[in-house]
Amino acid sequence: MPIENRPLREQVKEELIKRLGRGTIATNSPINEGQLATELGVSRTPLREALITLEREGVITSERGKGFRFTPLSAQEFRDLSAIVATLEALALESSDPEHLAATAPRLLEEARAFSVPQAPHDVIERYDDAWHDLLLSGCTNDRLMKLITSLKVTMHRYERVALGDQDILERSAEEHERIAECLQRGDLDAAVAALKENWNSGMHRILEHLKD
């Protein structure tokens with residue numbers, strides 16, 4: 001694993017999620033910490049810190065005397081997570097500074113129109129969607145709420161990466177982001193919130209088509 005200039009536990013955490021998405025880590029057997037630390041080229045301390053963080057985020061579980069293991073996937077849990085994140089993002093949008101939303105709306109619309117393809121590789125869509133939603137909610141000053149949203153999205157991405165390979169082609173509705181931005185440009189926050197929730201709902205169904213119960 002290449003070492004970057006940021007906390008090692010964060011790099012280890014991201015690498016574990018990538019490996020889970022590629023299917024190189026089994027979800028039904030305990031994690032061998034010693035072997036995994038050797039494979040990653042790190043000590044067990046940053047590995048354990050990463051595992052504890054992932055446990056808090058619901059990606060893995062631990063049992064006394066049995067160690068860590070990745071939580072089995074469940075289509076119902078993905079539905080639940082999607083509903084929770086949609087509600088929390090709607091709250092963040094409603095909590096955002098109105099002047100900031102008005103100033104950001106043109107850029108949101110511009111970026112939505114710039115990435116208007118109806119299909120794209122999953123990893124491309126994931127990067128774009130994360131960046132676009134980060135910009136959308138950049139006016140929310142509730143740090144605790146934003147950290148909670150970020151944490152839940154980590155678990156959601158785990159589902160997405162297991163259901164889809166990075167290069168799998170996924171359909172998307174380019175108009176959904178445009179609709180949200182257009183509502184904000186008109187100053188219609190209620191309509192923007194409704195469009196945001198619909199964006200999450202339709203995205204959930206697109207992933208569920210690839211995820212077995």
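A residue is called buried when its relative accessible area is under 20%, and this idea will guide us through the structure above, which is a predicted model. In helix H9, for instance, the buried residues are Ala192, Val193, Ala195, Leu196, Asn199, Trp200, Ser202, Met204, Arg206, Ile207 and Leu208. An α-helix has 3.6 residues a turn, so residues three or four places apart point the same way, and this is worth keeping in mind while reading such a list along a helix.

The length of H9 can be checked as well: at 1.5 Å a residue, its 20 residues should span 28 Å, and because the C-alpha atoms at its ends are 29 Å apart, the expectation and the model agree.

Stepping back to the whole chain, we find nine helices and four strands, which follow one another along the sequence in the pattern α-α-α-β-β-α-α-β-α-α-β-α-α. Of the 213 residues in the chain, 46% are buried, while the accessible surface comes to about 11,300 Å², with 49% of it belonging to carbon and sulfur atoms. Among the contacts with a separation of 6 or more, 75% are between residues 24 or more positions apart.

Next comes the interior. In soluble globular proteins, nonpolar side chains tend to be buried together. The largest nonpolar core here has 42 residues, and those that touch the most other members are Phe78, Leu93, Trp132, Leu136 and Leu184. Two or more residues of this core come from each of the helices H4 (75–94), H5 (98–114), H6 (122–136), H7 (143–163), H8 (174–185) and H9 (189–208), and the largest share, nine residues, is given by H4. Leu184 offers a view of this packing, for, leaving aside its neighbours within four places in sequence, Leu184 is in contact with Leu101, Ala105, Leu108, Leu136, Leu189 and Ala192. Another core, of 19 residues, lies apart from the largest one and has Ala37, Val42, Phe68 and Val154 among its members.

Finally, we can turn to the aromatic rings. A pair of aromatic rings is described by the distance of the centres and the angle of the planes. The structure holds one aromatic pair, formed by Phe115 and Tyr128, whose ring centres are 4.4 Å apart and whose planes make an angle of 50 degrees, an arrangement described as tilted. Because Phe115 lies in the loop between H5 and strand S3 (119–121), whereas Tyr128 belongs to helix H6, the pair ties together parts that are 13 residues apart in sequence. Both Phe115 and Tyr128 are buried.

Conventions:
Residues are numbered from 1 along each chain as its sequence is written. This is a predicted model: local features need pLDDT of at least 70, side-chain atom pairs count only at pLDDT 80 or more; totals for chains, interfaces and linings use all residues. Side-chain values use heavy atoms; hydrogens and water are left out. Buried means under 20% relative accessible area, exposed over 50%, partly exposed in between (1.4 Å probe, protein chains only). Contact means heavy atoms within 4.5 Å. Accessible areas come from the Shrake-Rupley method with a 1.4 Å probe; for residues, only the protein chains shown count as cover. A nonpolar core is a set of buried Ala, Val, Leu, Ile, Met, Phe, Trp, Tyr and Cys residues joined through side-chain atoms within 4.5 Å. Rings of Phe, Tyr and Trp (its six-membered ring) pair if their centres lie within 6.5 Å; planes under 30 degrees apart count as stacked, over 60 as edge-to-face and the rest as tilted. The expected span of a helix is 1.5 Å times one less than its number of residues.
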